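Trainee: Could you take me through the sheet in this model, slowly and in one go? I'd like to see how it is put together and what sits around it.

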Amino acid sequence: AAVNPDVPLVQKGQLLRAAFDKHAKTASEAVNGQGFDRHLFGLYCMALELGLSEPEIFNDPVYKETRHFRVYTTQLPVVSEGRLITGSAPWKSVKDGYGLAYRYYGDNCSYTACAFNDCVETDCHKFASAFEESLKDIRELLPHTPISSKL
């Protein structure tokens with residue numbers, strides 16, 4: 001729907017609101033230890049603590065594929081007087097992936113993108129350009145996005 005010119009902006013705005021709300025819900029669950037994979041993380045930590053071998057599920061090819069995150073994102077933590085202050089950079093979680101650290105302040109967004117130079121599958125400049133275009137698309141949709149009653 002996002003790239004379909006036949007979908008009205010109001011409908012795209014409603015879908016964007018639904019995505020915002022879903023993200024807020026799952027982020028809150030994860031912060032409160034209720035993420036969908038917290039029980040697996042607990043199993044892994046318990047095995048390490050008890051000196052047991054890694055549970056077999058962590059060697060399953062399907063499980064490994066679900067842990068292959070090609071895009072790693074994080075919010076940069078510090079903004080002071082409208083200026084981004086950070087000594088950290090994003091990292092890539094996998095060889096064929098990207099790292100993106102970002103921070104919103106007011107109407108602005110600062111970000112740093114990175115990728116391995118020696119990976120032919122990645123192009124950090126194209127990735128950064130696509131990220132900027134996505135931000136522009138979101139800015140265009142915001143006037144058509146209903147305010148959540150949960151906020």
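Mentor: Sure! Let's settle one term before we look: two strands pair if DSSP finds at least two bridges between them. Keep in mind, too, that this is a predicted model. With that in hand, the sheet is an open one made of 3 strands, lined up in the order β1-β4-β5, and its pairing is mixed. At the edges you'll find β1 (71-75) and β5 (108-115), each pairing on one side only. Neighbouring strands here are turned by 20° against each other on average, if you ignore direction.

Now zoom in on one pair. β1 and β4 (residues 98-105) run in the parallel sense and share 5 bridges. To find your place there, look for V71, which stands opposite Y98 in β4.

Next, look at what lies over the strands. Helix α4 (residues 124-141) lies across β1, β4 and β5, and it runs at about 155° to β5.

Step back to see where this fits. The chain has 4 helices and 5 strands, and along the sequence they follow the pattern α-α-α-β-β-β-β-β-α. Of the 151 residues, 22% count as buried. Among contacts with a separation of 6 or more, 50% come from residues 24 or more positions apart.

One last stop, away from the strands: L52 is in the loop between α2 (38-49) and α3 (61-66). L52 counts as exposed because its relative accessible area is 53%, and the cut-off for exposed is over 50%. Together with M46 and L50, L52 makes a nonpolar surface patch of about 340 Å².

Terms used: Residues numbered from 1 in each chain as written. Predicted model: local features only at pLDDT ≥ 70, side-chain atom pairs only at ≥ 80, totals over all residues. Heavy atoms only, no water. Patch = residues over 30% accessible without salt bridge, like charges linked within 9 Å, V, L, I, M, F, W, Y side chains within 5 Å. Areas by Shrake-Rupley, 256 points an atom, 1.4 Å probe, with all protein chains shown as cover. Salt bridge = Lys/Arg side-chain N within 4 Å of Asp/Glu carboxyl O. Helix = DSSP H or I, 4+ residues; strand = E, 2+ residues; numbered from the N terminus. Buried < 20%, exposed > 50% of the residue type's maximum accessible area, 1.4 Å probe, protein only. Axes fitted to C-alpha atoms, helices over the stretch in contact; angles between N-to-C directions. Contact = heavy atoms within 4.5 Å.
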